Amino acid sequence: MRRAQARKTIDALDPAMRLAEAPAAGPLADPRRRDWFEAVYALAKGDPAAVPWAALAPHPLTRSFVNLQARGLAGLRVLDVGCGLGDNSECFAEAGAQVTAFDLVAASIEWAKRRFPDSPVAYRTADLFDPPQEWRGGFGLVHECYTLQALPGSLLPEALAALAGFLAPGGSLLVISRARDEDEDAAGPPWPLPRSFVAEAERQGLRPLAIEDISAMAGLRSRHWRALFSRAD
């Protein structure tokens, strides 16, 4: 009940939600939605039920990937994009990865640090579209869960290019997102990704390794993609 009420409150503040209801209003003034994300954490006041994506557990598709890849993760440099309260980041760290995790909102990073005070994860406040230069080409695995679907489609090419730029030679990008058909209404937010996002990823220098179209199941209330890419070079 608290989560549903919180969702109603923050949706009312979301310009993207208002635009979905009245498309003639024009493009988003803040397409990266920084102000809204900051408002969500400010209004939450430490209550995770007020943060829609704060499940306080790793995403099930992230957890199963880590379980399958555990041996290969030990010592691997991993970047967790849009880490929120840190559950996915900690999942990789538990497997022995050297994890850097970042979020656009400083309050979420502070919250993650409070939740995991003894964590080996390097939590940072950073912007996907303006990251620290030293991260470029620096990671063997980049994990992105629900960040792409939180951005309007016009930003998808730039976001995928930014993700590709983090990969070291031989590195991989893991994308987890809600899925939709190409002709399905994309009203959001969030904006589930169509299958054509794979072709866009290829245009941004990524090569698909495995594209899983996963139906709703235990722990997943809707259809999802789990897609693994490598650098195309």
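Two strands pair if DSSP finds at least two bridges between them. Helices (H or I, at least four residues) and strands (E, at least two) are DSSP runs, numbered from the N terminus. The model is predicted: local features need pLDDT of at least 70, side-chain atom pairs count only at pLDDT 80 or more, and totals for chains, interfaces and linings use all residues. Residues are numbered from 1 along each chain as its sequence is written, and side-chain values use heavy atoms, without hydrogens and water.

**Exercise 1.** Determine how strand 4 and strand 5 pair, and place them in the sheet.

*Solution.* Strand 4 (residues 139-145) and strand 5 (residues 167-178) are joined in the parallel sense over six bridges. Glu144 has Val175 of strand 5 as its bridge partner. The open sheet has seven strands in the order 3-2-1-4-5-7-6, with mixed pairing. Its edges are strand 3 (122-125) and strand 6 (206-214), each pairing on one side only.

**Exercise 2.** Characterise the packing of helix 4 against helix 5.

*Solution.* The axes (lines fitted to C-alpha atoms, for helices over the stretch in contact; angles run from 0 to 180 degrees between N-to-C directions) of helix 4 (residues 60-73) and helix 5 (residues 87-94) come within 9 Å and cross at roughly 30°. Helix 4 is therefore roughly parallel to helix 5, a term for angles under 35 degrees. Contact (heavy atoms within 4.5 Å) involves Thr62, Arg63, Phe65, Val66 and Leu73 of helix 4, and Asn88, Cys91, Phe92 and Glu94 of helix 5.

**Exercise 3.** Identify the strands that helix 4 lies across.

*Solution.* Helix 4 lies across strand 4, strand 5, strand 6 and strand 7 (224-231). Relative to strand 7, helix 4 runs at about 30°.

Note on methods:
Parallel < 35°, antiparallel > 145°, perpendicular 65-115°, else oblique.
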